[in-house]
Amino acid sequence: VPKTKAKAGAAPKAAKRRVRLTHPDRVYWPEQGITKEGLADYYTEIWRHIAPHVTGRPLALLRCPNGIAGESFFQKHAWKGLNPSIDLVKDPKDDAGEPLISISDLDGLLGLVQSAALEIHPWGATTADWEHPDTIVMDLDPGEDVPWQAVIDAALEVRRRLEDAGLAAFVKTSGGKGLHVVAPLKPKADWTAVKAFTKGMAEAMAADDPDRYVATIAKAKRRGRILIDYLRNQRGSTAVAAFSTRARPGAAVSAPLSWDELSPAIGPAYFTVENMPKRLAALDADPWEGFRGAAAVLGEVKVSRGKSR
Ligand code: ATP
Ligand code: MN
Ligand code: MN
């Protein structure tokens, strides 16, 4: 019988490791020499920043038992021998299905590290309210030959449209190739409404500026353009968590930024396991201070068609 003790927004507690790591010297990022223990240290150090983004929600994991150079697989269901610090949660719409994975504290996160989860991808809803998302993610995917400034411009355009709809907008690097613009929601609108809103926004951007933006996945159309990937916003979809590591060379992390930090000097993989703790210590604040408090209710689907420039 799976235990189901996950709760949303568990309060960060003092960082002290209780989860036993087997093979702590196993190397996950060979170029940087970052080991399993090094990853545990990273998450312990930044725990209070990542906690609100990874606790109390279903998670998909990219697991890489032999580090980024080895085999990797996406996993969203619980498995045999799962670390007891990890919670099993039942999707209320999939009663017969296998339990999903969730965590509620630092031990849970370290349990994920023990399981070689090198990327953490939460749902945009909590296990307290599965049917009403509390987060929108607009995923900006630049095609080949798109300069970084164009991705920044796209993020600013998404921000303007979110704000026009009464929502607050925050930005993070993906740790890969693009940016994610994230809006906190009060969980009132359902998945159908949230997906329709984000689809409308992506299609409006592509209609207003077809030389810059596309809203459909078709690869051929993407060269020189930016895909406004709204499909993170449907039930069961995920996006990489703020502060999660990426299983890619460079040991980059998905890094929350303030809007005025966006610049060609800070690329999508600029912040890493190695420099993020120093950044947070120097900032002496969360770069997304006030994120959850800025949550608003998504109203009627209302997407502005006008150009901003
Ligand atoms: P990049 O900036 O390089 O695009 P990204 O994290 O945005 O990085 P995408 O390929 O755009 O990568 O994918 C967006 C999200 O879709 C991912 O963060 C992940 O949550 C989800 N995703 C991607 N690939 C898979 C997969 N194979 N299985 C499940 N979910 C996936
Ligand atoms: Mn992306
Ligand atoms: Mn994408």
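**Exercise 1. Find how far apart the centres of domain 1 and domain 2 are, then describe how the two domains touch.**

Start with the distance: the centres of domain 1 and domain 2, taken over C-alpha atoms, sit 22 Å apart. Domain 1 covers 1–128 and domain 2 covers 131–303, with bounds from an automatic or database domain assignment. Before going on, keep in mind that this is a predicted model, where local features need pLDDT of at least 70, side-chain atom pairs count only at pLDDT 80 or more, and totals for chains, interfaces and linings use all residues. Residues are numbered from 1 along each chain as its sequence is written, while chains are lettered from A and ligands numbered from 1 in the order in which they are written.

Next, the contact (C-beta atoms, placed from the backbone, within 7 Å): it takes 27 residues from domain 1 and 29 residues from domain 2. On the domain 1 side, α1 (36–45), α2 (47–54), β3 (59–63) and β7 (117–122) each give two or more residues; helices (H or I, at least four residues) and strands (E, at least two) are DSSP runs, numbered from the N terminus.

Last, sort that side by type: 17 nonpolar, 7 polar and 3 charged. Here Ala, Val, Leu, Ile, Met, Phe, Trp, Tyr, Cys and Pro count as nonpolar, Asp, Glu, Lys and Arg as charged, and the others, Gly among them, as polar.

**Exercise 2. Work out which strands pair with β3.**

Strands pair if DSSP finds at least two bridges between them. β3 runs antiparallel to β7 over 5 bridges, and L61 has I120 of β7 as its bridge partner. β3 also pairs with β4 (residues 73–75), again antiparallel, over 3 bridges; there, R63 stands opposite F73.

Now check burial (20 or more other C-beta atoms within 10 Å of a residue's own, all placed from the backbone; exposed means 12 or fewer, partly exposed in between). 4 of the 5 residues of β3 are buried, so the rest of the structure largely encloses this strand.

**Exercise 3. Describe the shell around ligand 1.**

Count first: 15 residues surround ligand 1, and the closest are H121, S174, G176, K177 and G178. A residue is near the ligand if its C-beta atom, placed from the backbone, lies within 6 Å of it. By type, the shell splits into 5 nonpolar, 5 polar and 5 charged. Finally, look at where they come from: domain 1 and domain 2 each supply at least three residues.

Technical notes:
Contact = placed C-beta atoms within 7 Å.
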